[in-house]
Structure formats: C-alpha cells, structure tokens
Amino acid sequence: MEETATAAAAAAEPAAEKATSYRYWVREATGDAAPLPAPRKLDAADLAANPAPATLGSVWNQAGTWEEKNLNSWANSRIKDLLGSLDPLEFSTGKASVYEVSRCSGDAFLVTVRNKKRVSYTYELSLKFKGEWLIEEENKKVKGHLEIPEFSFGELEDLEVNVRLSDDKDLSSDIKAQICKDMKSFLAPIQDKLCEFEKELKER
C-alpha cells in the first residue's frame, strides 16, 4: 500500500513541475490571446497619408547632420550683379557712377546642422568708379576705386568704404578731400544692395 502511494506521488511531481514551468505558463497564457497582426505591404495611399518628415540638406544626408555647401559661384555672381546696378550719384560740384566690381574676394556657404539651416559669408570688394567734378571752373574727369574692407554676415551696419583716386597729381588736398567725401555717399546704396544679397542668401 505504501509503495503504491509513493509511486503515485512520484508520477504527480513532473506534472506539477510542468504546470508551474515558464514554458507551460506562456503557452497556456497565450493560448486564448488574439493572433498577431500579419505584415502588410504599404501602398501609395499609406505613404501619402503618412509622409516622411521634411529634411534639409542633400539626399544622402536625410538625418540632417552636419553638411556644408559652397555657394561661392552664386554669391560672387550675385554681388557683382547687384553692385553693378548702382545708380549714379550727383553732388554739389560733380557726379559719379560705379561701373565695375573689379575685385570680389571671399566665401559664402550654407551649413546644415541637426536639420537646421545657417548661412554665412566673408568678402572684400573693390569697385571702379568714374566721375566729373567742377574744379577751378573746369570740368575734370576723375577715376578711382571704392575699397570695401572685409565684412561678414550680419555686419553690414559697420560696413566701411575707402576711396582711392587713380590719378590725383593735379588735384589739391582740398579737392581730393571733397571728392573722397562725395564718393563715400555711395556707402548707403552699397549697404542696401548687400542687404538684398544677404536676404537672398538666407532664402537659398
């Protein structure tokens, strides 16, 4: 009788262990659960309803990490176009016009950082001018350069213009000073043109 009870207890132990095991519990717990959704290929309607977020920068840079794009070609051409269209100015004893951007040295670039766009530039310019002034009751033609020292993005309020006359041997100090003062009147229109350039650069 005792042997029969012992055999029954031994047979019950694996069943109890099985009922309390992790695999048994998972199988029993998920037996009545809803089936997992079957994978489905997205169609055009799904993609249109859930468009990918817009990213800046190149196609290869979808994460929007650091990317620098050189804009020198566009910037150099645009600066020359804008400053080449400056209107002539008239003064109390003369008039002058800017007719060429003889030097446009610098860099402009667009930087994408963490999917945010930033633009920047640094330039030095030299503009050729020609004019005519009434000097000692005689109209005298004068040529020279407007030299613009290095300036950068956001610094146009501090822009400077230096005047260099090409041939001033026959001019007195007072006349040269007057011509230089007159030519510095081009500072405001130059600033306006470069502000336009900055605005266009930021929109690229």
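In this predicted model, Glu 124 has a relative accessibility of 29% and therefore counts as partly exposed. The partner of Glu 124 in a salt bridge is Arg 103, with an N to O distance of 3.3 Å between the two side chains. Glu 124 belongs to strand β4 and Arg 103 to strand β3, so that the pair links distant parts of the chain, 21 residues apart. Arg 103 is likewise partly exposed, because its relative accessibility is 35%. Both residues take part in a network of salt bridges that also includes Glu 147 and Arg 164.

In the whole structure, 7 salt bridges were found. Side chains of opposite charge can pair when their charged atoms come close. Two of the pairs share Arg 78 and are described here. In one, Arg 78 meets the side chain of Glu 196 at 3.9 Å, N to O. Arg 78 is part of helix α4 and Glu 196 of helix α6, so this salt bridge ties together parts that lie 118 residues apart in sequence. In the other, the side chains of Arg 78 and Glu 200 meet at 2.7 Å, N to O. Glu 200 is in helix α6 and Arg 78 in helix α4, so parts 122 residues apart in sequence are tied together by this pair.

The three residues of these pairs were also examined for accessibility. Arg 78 counts as partly exposed because its relative accessibility is 23%. The value for Glu 196 is 34%, which means that this residue is partly exposed. Glu 200, at 22%, also counts as partly exposed; the cut-off for a buried residue is under 20%.

The nonpolar residues were considered next. In soluble globular proteins, nonpolar side chains tend to be buried together. The largest nonpolar core of the model comprises 38 residues, and among those with the most contacts inside it are Leu 83, Leu 127, Trp 133, Leu 146 and Ile 190. Two or more residues each are contributed by helices α4 (72-83), α5 (173-183) and α6 (187-202), and by strands β3 (94-113), β4 (116-135), β5 (138-152) and β6 (162-165). Strand β4 provides the largest share of this core, with 8 residues.

The surroundings of Leu 146 were listed without its neighbours within four places in sequence. On this basis, the contacts of Leu 146 include Val 98, Leu 125, Ser 126, Leu 127 and Phe 129. Val 161, Asn 162 and Val 163 are also in contact with Leu 146, as are Met 183, Phe 186 and Ile 190.

How values were computed:
Residues are numbered from 1 along each chain as its sequence is written. This is a predicted model: local features need pLDDT of at least 70, side-chain atom pairs count only at pLDDT 80 or more; totals for chains, interfaces and linings use all residues. Side-chain values use heavy atoms; hydrogens and water are left out. A nonpolar core is a set of buried Ala, Val, Leu, Ile, Met, Phe, Trp, Tyr and Cys residues joined through side-chain atoms within 4.5 Å. Buried means under 20% relative accessible area, exposed over 50%, partly exposed in between (1.4 Å probe, protein chains only). Helices (H or I, at least four residues) and strands (E, at least two) are DSSP runs, numbered from the N terminus. Contact means heavy atoms within 4.5 Å. A salt bridge is a side-chain nitrogen of Lys or Arg within 4 Å of a carboxyl oxygen of Asp or Glu.
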